[in-house]
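Let's take a walk through this model, one piece at a time. Have the viewer open and follow along.

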Amino acid sequence: MQVYSPPLRDMRFVLHELHGSDVLRTLEGLEEVTPDLIDAVLDEAGKLVTEVLAPLNQSADQEGCTYENGVVRTPKGFKEAYKTFIEGGWNGIACDPQYGGQGLPASVNKLVEEMLCSGNLAFGICPGLTHGAYEALKAYASDDLKNRFLPKMVEGVWSGAMCLTEPQCGTDLGLVRTRAVPQADGSYKITGNKIFISAGEQDLTENIIHLVLARLPDAPSGIKGISLFLVPKFLPKDDGALGPRNGVLCTGIEHKMGIHGSSTCQMSFEEATGWLVGEPNRGMRAMFAMMNSERLSVGTQGLGLGEAAYQAAVAYARERLQGRALTGAKHPDKPADPIIVHPDVRRMLMTMRAYNEGCRALGGWVARALDLMEHASDPQTRRQAEDFTSLMTPIVKALFTDLGFASASMGMQVYGGHGYIRDHGMEQYVRDARIAMIYEGTNGVQALDLVGRKLPAHMGRYLRSFFHPVLAYIDAKMDDENLSPLIAPLGKAFGALQLATAHIAEKGLRDPDEAGAAATEYLRLFGLVALGYMWVRMADVAYEKRAGAGDDAAFYEAKIATARFYMDKLLPEVAALWGAIKAGKAATMGLDETLF
Amino acid sequence: MTEIKKVAVIGAGVMGAGIAAHVANAGIAVLLLDIVPAGASNRNIIAETAVEKLLKADPAAFMSKRAAKLVSTGNIEDNLADLSSCDWIVEAVIERLDIKQALYTRIEEARRPGSVVSSNTSTIPLSDLTAGLPESFKRDFLITHFFNPPRYMRLLEIVAGAETNPDTVAAVSHFADVKLGKTVVACKDTPGFIANRLGTYWLQLAVGEAFALNLKVEEADTVMGRPFGFPKTGVFGLIDLVGLDLMPHVQGSLKRALPAADPFHATLRDEPLIARMIETGFTGRKGKGGFYRLNRENGQKLKEAIDLATGDYRPQAKAVVPELEEGGGKDLAALMSAPGPAGRYARAVMARTLAYAARLVPEAADDIVAVDDAMRLGYNWKFGPFELIDKIGAARLIDMLKADGVEVPALLALAAERPFYRVEAGARQYLGTDGTYRDIVRPAGVLLLADIKLKSQPLLKNGSAALWDIGEGVVCLEFTSKSNALDEGIISLLAKALKLTKEKYKALVIYNEGSNFSVGANLGLALFACNIGAFGEVEKLVASGQKAYQDMKYAPFPVVAAPSGLALGGGCEILLHADAVQAHAESYIGLVECGVGVLPAWGGCTAMLERWQTDPKFPKGPMPAPSKVFETVSTATVAKSAAEAKELKFLREGDGITMNRDRLLADAKARALALVEGYAPPKPIDLTLPGPTGKVAMDMAVDGFAKRGLATPHDRVVSGALALVLTGGDADHTEPVSQARLLELEREGFMTLIRTNATLDRIEHILETGKPLRN
């Protein structure tokens with residue numbers, strides 16, 4: 001059963017104890033962000049999710065969105081829930097106060113996002129896209145566009161959508177055909193067809209602001225000839241009120257595996273009025289501002305579903321009575337022992353738990369870097385934070401969604417045959433989680449981004465932001481009595497990561513296929529080492545705090561036990577990955593194409 | 001004639017003064033004369049001003065202060081008699097026949113019989129110059145045409161007259177080759193000789209076609225640049241550099257002198273825009289700007305380019321030439337057949353330019369080698385025109401010319417399906433005008449690794465270096481990595497080369513034919529390793545480099561290093577550990593590590609301390625040597641010539657200097673062989689260093705610089721680490737410090753610095769921008 005309850009204790013641990021929330025207040029513009037404020041926000045968000053959004057998760061999945069004559073209806077209850085959501089100011093919690101946002105740091109927002117994803121992923125997609133569009137417009141749009149559109153988008157009465165994909169062009173956006181023709185008044189007429197547009201049409205908001213990739217008449221071919229345009233569903237009048245309908249039409253919605261509560265639209269633009277965002281032919285830059293933000297959010301989707309699946313699995317493992325423990329009955333008073341007594345069930349639960357908490361900690365580190373990028377006064381700190389986010393974005397996206405899907409699948413496994421039955425809600429997590437590995441750049445594309453762009457950038461400078469702190473930490477804690485059983489495997493895994501990185505950098509320089517063939521394995525290796533580092537750090541905090549923790553001691557004991565599980569049982573995968581990377585591309589590329 | 005020991009240069013303009021400076025660079029006394037301006041109180045004012053300008057020239061005209069002192073100044077009224085003491089008199093006055101001839105008559109009266117007179121004319125035929133002059137003058141007269149700037153341009157065109165004494169030509173050629181380091185190209189007495197004739201044809205065709213095809217200057221310069229191996233200034237950038245106003249002069253004289261049938265005339269066209277630019281002072285970099293300019297209006301610095309159609313300046317933009325993207329432009333034939341404007345432009349200019357080159361043999365030059373040498377060394381083309389034709393294919397070029405309705409020159413038709421150059425039995429050959437191939441014969445004393453490589457296989461080889469047998473028991477270690485950057489491969493091959501030399505050979509020469517000896521350690525690799533925290537690997541490389549350099553220094557056979565171009569950082573440290581150095585005069589040597597935030601750690605600090613402390617002419621005591629080394633190394637000082645490197649002790653007083661690049665290997669080999677007999681390796685010497693008190697003094701000096709804003713925060717960190725090494729760490733001046741200990745200090749200092757973010761930022765910045773970061 002879907003039993004989600006926000007993991008607030010662990011979130012507070014990550015935010016306050018692991019990454020130190022006190023730093024946030026020292027940053028410009030975040031002076032008001034006190035631990036009390038943060039906790040209150042998280043509590044309220046938890047309530048919103050459990051009381052308003054989670055109850056709609058299964059019904060929305062079963063009902064789905066409906067399409068008729070260009071109109072899309074979201075599942076029952078979504079409209080009301082959305083109203084509650086925006087009235088509570090949740091839509092703009094991480095947005096700039098200048099446009100009516102609450103200016104909360106990403107460190108907090110990412111946790112709220114996670115709760116939304118756990119409680120009702122499909123519902124969260126529309127506000128998520130609005131936020132991505134907000135980021136792109138804030139970074140690249142003219143002041144005029146910003147002032148006309150951002151306040152309503154921040155408030156949530158208007159939403160955002162990103163229109164990239166076309167039937168002939170998915171990953172390769174250089175193939176975009178949609179055209180933009182300049183008009184005398186400085187606007188453009190946009191014509192073309194887009195597909196797979198999440199929340200491209202819905203009945204939650206009064207207007208939808210599409211960010212559309214299109215080509216100018218004299219644009220160079222390929223990716224260097226793509227520009228970004230803002231195209232609203234309704235053209236606002238000068239006073240901000242809705243004006244006439246623009247030439248934007250939803251011509252159908254997709255029937256898909258999961259996230260049924262979110263519409264995936266085919267959009268047709270016919271001479272639709274739009275405005276250029278950023279410079280001509282530099283649309284990809286602006287698009288990436290949105291995409292990077294979205295990629296981190298998709299990673300959070302993986303984590304959110306992994307957490308929801310874990311909680312449901314634990315609940316079931318405690319109450320499902322079947323057979324006896326291998327070492328003899330543990331609950332002789334009951335007709336059978338709960339299945340949680342079984343090592344293999346424990347294996348699954350521990351794995352899910354270790355992945356989820358590890359990802360939450362790593363996500364918290366990246367979110368902290370986002371805050372430093374935005375708010376730190378020292379340019380050096382900002383640059384390091386930017387390096388780190390650039391490096392970790394593909395890892396967060398691909399690793400979190402891979403692990404989220406694995407957790408959802410394990411959660412279903414814990415339920416046995418019942419997991420496969422719709423009523424329990426476990427198969428929904430599996431279906432919902434699967435898309436996150438695909439959209440916003442498949443996980444394969446993320447791996448290529450990591451090895452092809454992030455690794456070589458500035459002769460490996462992005463890597464420094466991860467490798468140096470980890471190395472320094474290992475050096476510093478090498479002789480720590482408590483940590484040594486954890487530090488040793490971390491040191492070994494980190495060594496493998498160094499070797500793999502040097503190996504790919506060297507081989508990939510001469511033969512890009514070598515880097516390509518190792519990319520997915522490398523991203524996972526990197527991600528697992530990063531989680532390992534987070535787990536040792538978490539255990540470090542737990543050891544320090546458990547003595548005087550009183551009632552909370554159990555929380556820290558659990559951390560230490562889970563850290564142990566991660567280091568002993570999950571991190572060793574690194575050795576296998578390094579072995580596979582070392583083997584090179586030959587085994588992958590050797591088979592003649594015709595023999596497939 | 002006798003040996004040339006004293007030279008006079010008459011005419012102290014840019015060329016005359018530059019020639020005088022370069023003669024002085026060769027260690028020869030030179031008298032620089034010009035006219036007495038009307039009413040001048042200082043009668044030598046022109047020559048003296050010229051020398052002052054030389055001293056300030058950038059790039060420097062003189063190789064050393066010593067050279068500058070060899071130039072004496074005077075005027076042709078008072079000092080003409082002094083010509084009698086000169087062995088060679090170079091005339092470099094204004095390009096007017098009447099003035100030159102009048103001067104020659106006066107020279108003839110003043111000079112010593114048998115002395116040589118030559119003119120630096122670029123346009124006037126020799127037969128006109130000597131017309132009416134006595135037989136004795138004609139016998140001693142020739143044209144020596146230098147290129148600007150004379151120190152740096154390796155081409156010297158020599159034109160001998162029918163009556164010129166062949167011994168005189170041989171003597172001047174030999175002097176120019178060995179003493180001045182020039183590559184002498186013998187030219188026939190035809191207008192513009194070789195380089196300017198073809199160069200001018202090419203330039204005016206390239207300019208005209210750019211107008212005709214309506215190209216942007218950036219586009220034209222991109223096509224007429226890298227793809228053909230031309231300097232990246234292209235054509236418009238080059239004209240800006242030499243001056244727009246100079247072009248009509250050169251064109252005019254060629255127009256007057258060349259026969260009507262010459263294709264030169266067909267390419268001449270008057271561009272009103274260019275005439276207008278010259279009239280209004282837009283003559284290029286020396287004027288208000290040219291085809292490009294830096295617009296400094298309103299305190300800005302905006303790079304602009306001219307619009308050839310309107311004549312207005314607009315912001316400079318990177319040329320978009322799709323034909324050259326993604327590896328395009330490597331196949332020149334394909335580029336010249338491409339349908340777009342870039343292809344049409346490449347075809348229109350280069351097919352005819354190369355055809356014109358083919359017409360020049362035998363009209364202006366005896367063989368194709370002379371033309372290729374002239375264009376490579378006089379116009380800095382990477383490939384001579386005949387080498388370019390070989391890339392395209394003579395047959396392909398003939399097809400193009402036929403299709404374009406251009407007459408196919410006889411030499412090109414003769415080649416037809418054959419290449420102009422080939423390698424036969426390990427020898428490079430060229431196609432003669434009789435249709436047979438002849439060996440390219442190197443002059444005595446010229447030994448090129450390129451030739452050896454055609455004939456033999458390397459003794460050792462890896463991805464970064466190779467070892468060659470250069471005969472008489474001498475082996476040559478060649479670096480082959482990118483920019484000859486030092487990496488693990490070079491260090492390991494050096495170690496192997498030392499072992500092999502010890503077993504089987506007499507001596508080792510370290511030399512290569514790259515444009516730079518070595519730019520130092522491969523920082524890209526080191527930076528990546530540091531970024532992933534692989535400091536152990538970096539430390540290993542430092543230690544293995546130290547060991548290889550020490551093994552080289554104390555090897556039981558002589559090691560001679562022969563640099564040319566840059567020898568920086570680890571490249572400089574190679575020189576510091578060799579028994580002797582034979583340096584090309586144009587060697588730029590320095591320990592520049594501090595600039596990128598590290599310190600010399602392959603024994604450079606130690607070797608420099610040893611050199612200064614063991615110099616008998618330098619003050620004794622623990623402090624002077626470290627102070628001197630600190631001053632040189634902390635500021636990353638680079639010697640701008642081999643001569644200057646001696647002053648800084650990057651070279652020893654006894655190290656040799658070779659003026660001609662092509663003679664460097666032979667000189668180095670001879671040097672090595674001379675050391676073989678009775679060779680004994682040096683003994684390690686302990687050094688007396690001041691220890692902590694000395695470091696305090698150095699730190700205070702740096703603090704002073706920092707206060708005056710001359711040292712950055714990280715400069716202080718780097719200087720501090722350097723000072724620690726140079727003062728011997730915790731040394732005490734009563735207790736000598738071993739070199740092993742100093743090497744250990746170098747390693748520690750290096751590793752401390754390379755772990756700092758500021759150092760890594762410096763390395764990244766220099767790799768990405770080529771400029772040092774002042775952080």
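What follows goes from chain B to an annotated stretch of chain A, and then to the place where the two chains touch. Keep in mind that this is a predicted model.

Let's start with chain B and its overall dimensions. Its C-alpha atoms fill a box of roughly 85 × 65 × 65 Å along the principal axes. A compact globule of 775 residues would have a radius of gyration near 28 Å, and chain B has 28 Å, so the two agree. As for packing, buried residues make up 51% of the 775 residues in chain B. If you look at contacts in chain B with a separation of 6 or more, 69% of them link residues 24 or more positions apart.

On secondary structure, chain B carries 32 helices and 24 strands. The domain assignment splits chain B into domain 1 (6-187), domain 2 (195-421), domain 3 (449-591 + 637-676) and domain 4 (595-636 + 689-735 + 737-775). Between the C-alpha centres of domain 2 of chain B and domain 4 of chain B there are 49 Å.

Now over to chain A. An unreviewed UniProt entry annotates residues 40-156 of chain A as "domain: Acyl-CoA dehydrogenase/oxidase N-terminal". That stretch of chain A is 68% helix and 5% strand, with its end C-alpha atoms 22 Å apart.

So where do the chains meet? The contact takes 13 residues from chain A and eleven from chain B. On the chain A side, helix H13 (461-477) and helix H14 (484-510) are the elements giving two or more residues. H13(A) provides the largest share, six residues. By class, the chain A side has six nonpolar, five polar and two charged residues.

Methods:
Residues numbered from 1 in each chain as written. Chains lettered and ligands numbered in written order. Predicted model: local features only at pLDDT ≥ 70, side-chain atom pairs only at ≥ 80, totals over all residues. UniProt positions renumbered as here; feature names shortened; annotations may be inferred. Helix = DSSP H or I, 4+ residues; strand = E, 2+ residues; numbered from the N terminus. Rg over C-alpha atoms; globule rule 2.2 N^0.38 Å. Buried ≥ 20, exposed ≤ 12 C-beta atoms within 10 Å, placed from the backbone. Contact = placed C-beta atoms within 7 Å. Domains from an automatic or database assignment. Nonpolar A, V, L, I, M, F, W, Y, C, P; charged D, E, K, R; others polar.
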